[in-house]
Structures are given as C-alpha cells and as structure tokens.
Amino acid sequence: METKHTNKKVLVEGLKKMGISLLCMFLGPSLIHTAFSNQEKPLYIPILILGILVAGCAVFFAFRGLKTILDSMFKN
C-alpha cells in the first residue's frame, strides 16, 4: 500500500499565492490610508478604488493559497 505524501510543486504554488496575499495585505490598507489622508487631491477616488481592489485581492489570494496548500497535503 502506498503512503500519501505532500505534493511539493502544488505546495510551492500555494506558498507563492500566500506571499502575494501578504504583499497585498500591507499594500491595500496603505493605499486606503493614503487616499483618506489626501481627500482634497484629484486622485483621491482612483487611489481609494485601487486600495479597495488590492485589499480584496489579498482576501482572494489568501483563500486560494490556503486551498492550494490543503490540496497539496490531502488530495491524491
């Protein structure tokens, strides 16, 4: 009977997604803070929208990364 092992290629892919998520977790709130501290500037709305999108991407990549890591451990 064959024992199950972690698929290392899929694990590395999941860790890369988690790294992207970590980057977005810092970048998104920083952009949102920058937008709110400069409300009188003309680029207020585009920077705010960009910050919200980056924060949403952080959540998306975190879930995808966790799913990929768990798939590397528990799937065949």
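Okay, let's start with Asp71 and Lys67, which both sit in helix α2, four residues apart, or about one turn of the helix. Keep in mind throughout that this is a predicted model. Those two residues form a salt bridge, and the closest N and O atoms are 2.9 Å apart. How exposed are the two partners? Asp71 is partly exposed, at a relative accessible area of 23%, and Lys67 is partly exposed too, at 46%.

As a reminder, side chains of opposite charge can pair when their charged atoms come close. How many salt bridges does the count come to? Two. The other one is over in helix α1, where Lys17 and Glu13 are again four residues apart, about one turn of the helix. Here the closest N and O atoms are 3.6 Å apart, and that still makes a salt bridge because the cut-off is 4 Å. Now, is Lys17 buried or exposed? Buried, with a relative accessible area of 15%. Its partner Glu13 counts as partly exposed, at 41% relative accessibility.

Lys17 also takes us across to the other helix. Arg64 lies in helix α2, which runs over residues 44-74. Along the sequence Arg64 and Lys17 are 47 residues apart, yet C-alpha to C-alpha the separation is 7.1 Å. Arg64 itself is partly exposed, and its relative accessible area is 41%.

There's another long-range pair to look at. Ser21 is in helix α1, and Ser21 and Cys57 are 36 residues apart along the chain, with their C-alpha atoms separated by 7.2 Å. What relative accessibility does Ser21 have? It's 0%, so Ser21 counts as buried. And which residues does Ser21 touch, if you skip its neighbours within four places in sequence? Those are Ala58, Phe61 and Ala62.

Phe61 is a handy way into the aromatics. A pair of aromatic rings is described by the distance of the centres and the angle of the planes. The structure has two aromatic pairs. Take Phe36 and Tyr44: the centres are 6.2 Å apart and the planes are at 55°, and that pair is tilted. Why tilted rather than edge-to-face? Because edge-to-face needs planes over 60 degrees apart, and stacked needs them under 30. In terms of exposure, Phe36 is partly exposed at 44% relative accessibility, whereas Tyr44 is buried at 19%. That 19% puts Tyr44 in the buried class because the limit is under 20%.

Then there's the pair Phe60 and Phe61. Their ring centres are 5.5 Å apart and the planes are at 70°, so this one is edge-to-face. Phe60 is partly exposed, at 47% relative accessibility, and Phe61 is partly exposed as well, with a relative accessible area of 24%. So Phe61 is the residue that links two parts of this talk: Phe61 pairs with Phe60, and Phe61 is also among the contacts of Ser21.

Last item, the surface. Which residues make the nonpolar surface patch? Leu22, Met25 and Phe26, and the patch is about 330 Å². Met25 is found in helix α1, residues 8-37, and Met25 counts as partly exposed, at 44% relative accessibility.

To wrap up, here's what I'd pull up on screen. Go to the Asp71 and Lys67 salt bridge in helix α2, then the one between Lys17 and Glu13 in helix α1. After that, look at Ser21 with its contacts Ala58, Phe61 and Ala62, and finish on the patch of Leu22, Met25 and Phe26. That's it from me.

Key: Residues numbered from 1 in each chain as written. Predicted model: local features only at pLDDT ≥ 70, side-chain atom pairs only at ≥ 80, totals over all residues. Heavy atoms only, no water. Phe/Tyr/Trp six-rings, centres within 6.5 Å; stacked < 30°, edge-to-face > 60°. Buried < 20%, exposed > 50% of the residue type's maximum accessible area, 1.4 Å probe, protein only. Helix = DSSP H or I, 4+ residues; strand = E, 2+ residues; numbered from the N terminus. Patch = residues over 30% accessible without salt bridge, like charges linked within 9 Å, V, L, I, M, F, W, Y side chains within 5 Å. Areas by Shrake-Rupley, 256 points an atom, 1.4 Å probe, with all protein chains shown as cover. Salt bridge = Lys/Arg side-chain N within 4 Å of Asp/Glu carboxyl O. Contact = heavy atoms within 4.5 Å.
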